[in-house]
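Student: Could you walk me through reading a fold, from its sheet to its open and closed spaces?
Tutor: Gladly; let's put it on the screen.

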Amino acid sequence: MKFKDKVVLVTGSSKGLGRAIALEFAKEGANVIVNYALDKEKAQNVSDEIKELGVKSTIIKADVSNSEEVDKMIKQIVEKFGRLDILINNSGIVKDARITSMSKESWDDVINVNLTGVYNCTKAAGQVMEKQKYGKIINISSIVAQTGSIGASNYAASKAGVIGLTKSVAKEYAKFNINVNAVALGYFNTGLIERLTKEIQDKLLRDIPF
């Protein structure tokens, strides 16, 4: 129960990695806010699973790329729970295409959710955490931020931006006792990996040493 009574917001937690993160925090005693943009039913199912673990949970609809919706979400959390201890910036989308055929819309959408969304949530949550003189922010990045990925220049750029943002904000928030870190994840058998063909997945596996 190492997160007992902590208030945790996991963005994009109605499915996949976000769902898994939310449930693990709940198992360790945290009260978890499930954020979603589209699927209310899935979000509610996750929240119900969390409550069954004996902790508090609620769902909040908010598009992280929309600063007004994010500000409203953070305000709701503080009104309901009195504080916000931990933010997991997990929300992410993919719209793959080679750069020569990638639409401006696909570029903008991925950058807006994956990078601007982290900015919006980090800014809004940070204002609460500064007053508390305490907080933890974990940003979900990706190894493609360092290696690149064919057909995913928008995604790779967004995740590289998350790393740069994290390093800068960590220095700004340190004096307020707020830790800011990024996790550059590899591939795993859920969520975004499913967009890749079996052939590409097999090649990725061969590139992993262990």
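The dialogue below goes through the sheet, the helices and then the spaces.

Tutor: One thing to keep in mind is that this is a predicted model.

Student: How do I read the sheet, and in which order do the strands lie?

Tutor: The general idea is that strands of a sheet pair through backbone hydrogen bonds, in either a parallel or an antiparallel way. Here, six strands make an open sheet ordered β3-β2-β1-β4-β5-β6, with parallel pairing. At the edges are β3 (57-61) and β6 (178-185), each of which pairs on one side only. From one strand to the next, the twist averages 15°.

Student: Let's take one pair of strands. How many bridges join β2 and β3?

Tutor: Five bridges join β3 to strand β2 (residues 31-36), in the parallel sense. For a single example, pick Tyr36, whose bridge partner in β3 is Lys61. Helix α2 (residues 40-51) packs on the sheet here, where α2 touches β2 and β3. The direction of α2 makes about 160° with that of β3.

Student: Which strands does helix α4 lie across?

Tutor: Helix α4 (residues 104-132) lies across β4 (86-89), β5 (135-142) and β6. Relative to β4, α4 runs at about 175°.

Student: What do I look at when two helices pack against each other?

Tutor: Two packed helices are described by the angle between their axes and by the distance between those axes. In this model, the axes of α4 and helix α3 (residues 67-81) come within 9 Å and cross at roughly 35°. The crossing of these two helices, α3 and α4, is right-handed.

Student: Which residues meet there, and of what class are they?

Tutor: From α3 come Ser67, Val70, Asp71, Ile74 and Val78, which meet Asn120, Cys121, Ala124, Ala125 and Val128 of α4. By class, that contact has seven nonpolar, two polar and one charged residues.

Student: Now the closed spaces. How many cavities of 30 Å³ or more are there?

Tutor: The count comes to one cavity of 30 Å³ or more, and the largest cavity holds about 30 Å³ of space. Cys121, which we met in the contact of α3 with α4, is one of the residues lining this cavity, along with Thr11, Val64, Asn89, Asn90, Ser91, Val113, Gly117 and Val118. Helix α4 gives the most to this lining, with four residues. The lining of the largest cavity divides into four nonpolar, five polar and no charged residues.

Student: And the second largest pocket: which residues are closest to its centre?

Tutor: About 470 Å³ of space lies in the second largest pocket. Of its 15 lining residues, Ser149, Ile150, Tyr187, Ile200 and Leu204 are the closest to the centre. Helix α7 (residues 198-206) gives the most to the lining of this pocket, with three residues. By class, the lining of the second largest pocket has seven nonpolar, four polar and four charged residues.

Note on methods: Residues numbered from 1 in each chain as written. Predicted model: local features only at pLDDT ≥ 70, side-chain atom pairs only at ≥ 80, totals over all residues. Heavy atoms only, no water. 1 Å grid on protein atoms, 1.4 Å probe; cavity = no way out; pocket = protein on both sides within 12 Å on 5 of 7 lines; lining within 4 Å. Points joined across faces, edges and corners; volume = space filled by probe spheres on them. Nonpolar A, V, L, I, M, F, W, Y, C, P; charged D, E, K, R; others polar. Pairing = 2+ DSSP bridges. Axes fitted to C-alpha atoms, helices over the stretch in contact; angles between N-to-C directions. Contact = heavy atoms within 4.5 Å. Left-handed = near helix turned anticlockwise from the far one by under 90°.
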